[in-house]
Amino acid sequence: MNQESTASSSESALPSSEQTITGVSGTNYKIALPSNWQEVPDFTSLNPDNDFMLSDALETKYLAAVVESKQDFADLETYLGLVQENLATSFDTTATFLPIPDTKAYFVDFPATVEGLNIHYIYYVLETENNYVQLYGWTLESLYDSSKEELTAIMNSFKEE
């Protein structure tokens with residue numbers, strides 16, 4: 001996925017290798033991860049809706065995905081509207097998703113306070129062959145500027161097998 005609006009020219013300098021992640025659903029995903037990233041153990045206790053969750057070794061940056069069958073929704077725009085309503089309710093945000101040119105994907109980034117922590121999210125909603133995916137990364141607000149490039153590069157590499 002190419003996202004010029006939030007990507008920077010030094011993304012290719014991030015050390016990473018393409019890895020296969022198998023979600024709870026049994027679906028395999030390809031994603032380019034820096035060497036210090038790994039799967040979060042027992043992440044379903046944190047959010048049972050996630051198909052997978054990853055973090056850096058310091059547990060300061062995270063990435064997760066909610067994957068839902070396209071059969072259950074009229075189209076991507078309908079799904080996007082439901083996600084936006086859920087985010088508005090859950091995080092009290094009025095942030096608006098923007099289309100990513102030449103893709104079947106939308107993105108938004110926004111700050112939120114979760115359990116007393118100031119967090120900053122990068123959120124994608126995208127369409128794969130069989131599913132609609134909410135792919136989202138987050139870090140502490142104080143680390144967002146230094147983490148945005150890495151999170152965006154990882155998210156842009158996401159592919160469903």
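**Close-up views of a predicted protein model**

**View 1. Ser 55 is a buried residue, with a relative accessible area of 1%.** The model shown here, as in every view below, is predicted. A residue counts as buried when its relative accessible area is under 20%, so the 1% of Ser 55 places this residue in the buried class. Ser 55 belongs to strand S4. Which residues touch Ser 55, once its neighbours within four places in sequence are set aside? The contacts are Asn 36, Trp 37, Gln 38, Val 40, Lys 61 and Tyr 62.

**View 2. Strand S4, residues 52–56, is largely enclosed by the rest of the structure.** The reason is that 5 of the 5 residues of this strand are buried. In a regular strand, side chains alternate between the two faces of the sheet. In S4, Phe 52, Leu 54 and Asp 56 point one way, whereas Met 53 and Ser 55 point the other way. Are the residues of these two sets buried or exposed? They are all buried.

**View 3. Strand S4 pairs with strand S3 and with strand S5.** Strands of a sheet pair through backbone hydrogen bonds, and the pairing may be parallel or antiparallel. Strand S3 comprises residues 37–39 and is joined to S4 by 3 bridges; these two strands run antiparallel. Opposite Trp 37 stands Asp 56 of S4. Strand S5, residues 61–69, is joined to S4 by 4 bridges, and this pair also runs antiparallel. The bridge partner of Leu 54 in S5 is Leu 63.

**View 4. Glu 59 lies in the turn of the hairpin formed by S4 and S5.** How many residues separate the two strands of this hairpin? There are 4 residues between S4 and S5. Glu 59, found in the loop between these strands, has a positive phi of about 55° although it is not a glycine. With a relative accessible area of 51%, Glu 59 is exposed; the exposed class begins over 50%. The hairpin therefore offers a useful contrast for the reader: Ser 55 in strand S4 is buried, whereas Glu 59 in the turn is exposed.

**View 5. Asp 92 follows helix H1, in the loop that leads to strand S6 (98–99).** The phi angle of Asp 92 is positive, about 50°, although the residue is not a glycine. Is Asp 92 buried or exposed? Its relative accessibility is 71%, so Asp 92 counts as exposed.

**View 6. Leu 76 is a buried residue of helix H1.** Helix H1 comprises residues 76–91. The relative accessibility of Leu 76 is 5%, so the residue counts as buried. Not counting residues up to four places away in sequence, Leu 76 touches Lys 104, Tyr 106, Val 125, Leu 126, Glu 127 and Tyr 132. One of these residues, Lys 104, is 28 residues from Leu 76 in sequence. In space, the C-alpha atoms of Leu 76 and Lys 104 are 8.1 Å apart.

**View 7. Three strands form an open sheet in the order S1-S2-S10.** The pairing in this sheet is antiparallel. The edge strands are S1 (17–22) and S10 (159–160), each of which pairs on one side only. Strand S2, residues 28–33, is joined to S1 by 6 bridges. Within this pair, Thr 20 has Lys 30 of S2 as its bridge partner.

**View 8. The protein chain as a whole contains 2 helices and 10 strands.** From the N terminus on, the order of these elements is β-β-β-β-β-α-β-β-β-β-α-β. The radius of gyration is 15 Å, close to the 15 Å given by the globule rule for 161 residues, so the chain is as compact as a globular protein of that length. Along the principal axes, the C-alpha atoms fill a box of roughly 40 × 35 × 35 Å. Buried residues account for 45% of the 161 residues. Among contacts with a separation of 6 or more, 48% join residues 24 or more positions apart. The chain exposes about 8,400 Å², of which carbon and sulfur atoms supply 48%. The chain carries 6 positive and 26 negative charges, and the mean positions of these two sets are 8 Å apart.

Terms used:
Residues are numbered from 1 along each chain as its sequence is written. This is a predicted model: local features need pLDDT of at least 70, side-chain atom pairs count only at pLDDT 80 or more; totals for chains, interfaces and linings use all residues. Side-chain values use heavy atoms; hydrogens and water are left out. The radius of gyration is taken over C-alpha atoms; the globule rule is 2.2 Å times the number of residues to the power 0.38. Buried means under 20% relative accessible area, exposed over 50%, partly exposed in between (1.4 Å probe, protein chains only). Contact means heavy atoms within 4.5 Å. Accessible areas come from the Shrake-Rupley method with a 1.4 Å probe; for residues, only the protein chains shown count as cover. Lys and Arg count as positive and Asp and Glu as negative; His and the chain ends are not counted. The place of a charge is taken as NZ of Lys, CZ of Arg, CG of Asp or CD of Glu. Two strands pair if DSSP finds at least two bridges between them.
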